[in-house]
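I opened a fresh page for this one and went through the structure feature by feature. Here are my notes, in the order I looked things up.

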Amino acid sequence: VYVAIWQLALALVFKIFITIFTFGMKIPSGLFIPSMAVGAIAGRMVGIGVEQMAYHHHDWFIFRSWCRPGADCVTPGLYAMVGAAACLGGVTRMTVSLVVIMFELTGGLEYIVPLMAAAVTSKWVADAFGKVGIYEAHIHLNGYPFLDAKDEFTHRTLATDVMRPRRTEPPLSVLTQGSMTVEDIETLIKETDYNGFPVVVSRESERLIGFVLRRDLILAIKNARKRQDGVVSNSIVYLTEDPPQLPPNSPCPLKLRRILNLSPFTVTDHTPMETVVDIFRKLGLRQCLVTHSGRLLGILTKKDVLRHMAQMANQDPESIMFN
């Protein structure tokens, strides 16, 4: 028995040590099964300890009524199963789904009550140390812009208060539907790192037409230079369906209407931020254009929304780091 306890203790320390390193190195090693293994080893150790107590001290009041001398009153395997559920519940903060998973793994209906007790207790204990699970903490650690469905936003701010560009910032980088050359667009792509660009009729009117993604724009220009004859740096890029007639000596135009999203998601400048946050959360948007009577005013990104939520919660918005 003592040899088994020592072997399990060494296996527990080794498993915890290896799991910490493998999860931190971002390799496909997983955390689900290792968490269950750690809990199962610890539960097995507790089960063996209780089994020995029941065997040598069967006259204690906790064993006297249901454990006869020499009988196998304690099942260490049950402790291992409950320990696996408790450890996994504390790491991931799962409750009902965890009990269902363990029931499907074991098929034992009589184990539902101890599994439920272990899952709820582990969540209470884990919540006392921190409100987020390991996966949510890893999301924040890696700087992924993530909107938690549990975070409520009840402030009375508007989209115009959060959108970019601000008054002190340079104007929004946009594409016009028929006045930019290939060189102009390539320069804009090199000088910025935006995910996409709004397309307007002209810089004077700022009438919104659609939205084009950065990767689609790069691939379209690259393929056009390889496969279309006459496309050069001073070729006019048209994002309209029927481009106008050009003089005979003009370079071949580049038509990119097919990559234009004609129905990007937009909100008005007076849309409450509570509605905007709900839209980002439910639709999984990365950006949203802000308009007023069809005229482009700015853009809202998920990072802007997260910074604004942090600011409204009396946190430093610049302390939120994104990758």
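**Cysteines.** I count a disulfide as a pair of cysteine sulfur atoms within 2.5 Å. With that cut-off, I found zero disulfides in the structure. A reminder for myself: this is a predicted model. I then looked up two cysteines for burial. Cys-288 counts as buried because its relative accessible area is 1%, under the 20% cut-off. Cys-87, at 22% relative accessibility, comes out as partly exposed.

**The N-terminal span.** I checked the UniProt record next. Its unreviewed entry places a "transmembrane region" at residues 6-24. In the model I find that span to be 100% helix and 0% strand. The C-alpha atoms at its two ends lie 27 Å apart.

**Gly-39.** I found Gly-39 in helix α2, which covers residues 32-56. Is Gly-39 buried or exposed? It counts as buried, because its relative accessibility is 4% and the limit for buried is under 20%. I then asked which residues Gly-39 touches beyond four places away in sequence. The list is Ala-80, Gly-83, Ala-84 and Cys-87, so Cys-87 from my first entry turns up again as a partly exposed residue. I also noted Tyr-79, which is 40 residues from Gly-39 along the chain, with 9.4 Å between their C-alpha atoms.

**The sheet.** I traced three strands in an open sheet, ordered β1-β3-β4, with mixed pairing. β1 (175-176) and β4 are the edge strands, each pairing on one side only. β1 and β3 run parallel and are joined by two bridges. In one of my lookups, Thr-176 had Val-200 in β3 as its bridge partner. Helix α10 packs on this sheet and touches β1, β3 and β4. I noted an angle of about 75 degrees between the directions of α10 and β4.

**The nonpolar cores.** As background, nonpolar side chains in soluble globular proteins tend to be buried together. Which residues of the largest nonpolar core touch the most other members? I noted Leu-175, Ile-185, Leu-217 and Leu-256, out of 21 residues in that core. At least two core residues come from each of α9 (182-191), β3 (196-200), β4 (208-213) and α10 (214-227). I followed Leu-175 further, leaving aside its neighbours within four places in sequence. Its contacts include Ile-185, Leu-188, Phe-197, Val-199, Val-212, Leu-217 and Leu-239. There is also a second, separate core of 18 residues, with Ala-159, Met-163, Val-305 and Leu-306 among them.

**Backbone oddities.** Most residues other than glycine have a negative phi, and most peptide bonds are trans. I went looking for exceptions and wrote down three.

- Arg-164 and Pro-165 are joined by a cis peptide bond, with omega at about 5 degrees. Pro-165 lies in the loop between α8 (159-162) and β1.
- Arg-93 has a positive phi of about 65 degrees. I found Arg-93 in the loop between α4 (76-92) and α5 (96-106), and it counts as buried at 18% relative accessibility.
- Glu-206 also has a positive phi, near 60 degrees. Glu-206 is in the loop between β3 and β4 and is buried, with a relative accessible area of 17%.

Key
Residues are numbered from 1 along each chain as its sequence is written. This is a predicted model: local features need pLDDT of at least 70, side-chain atom pairs count only at pLDDT 80 or more; totals for chains, interfaces and linings use all residues. Side-chain values use heavy atoms; hydrogens and water are left out. A nonpolar core is a set of buried Ala, Val, Leu, Ile, Met, Phe, Trp, Tyr and Cys residues joined through side-chain atoms within 4.5 Å. Buried means under 20% relative accessible area, exposed over 50%, partly exposed in between (1.4 Å probe, protein chains only). Helices (H or I, at least four residues) and strands (E, at least two) are DSSP runs, numbered from the N terminus. Contact means heavy atoms within 4.5 Å. UniProt positions are given in the numbering used here, feature names are shortened, and annotations may be inferred rather than shown by experiment. Two strands pair if DSSP finds at least two bridges between them. Axes are lines fitted to C-alpha atoms, for helices over the stretch in contact, and angles run from 0 to 180 degrees between N-to-C directions.
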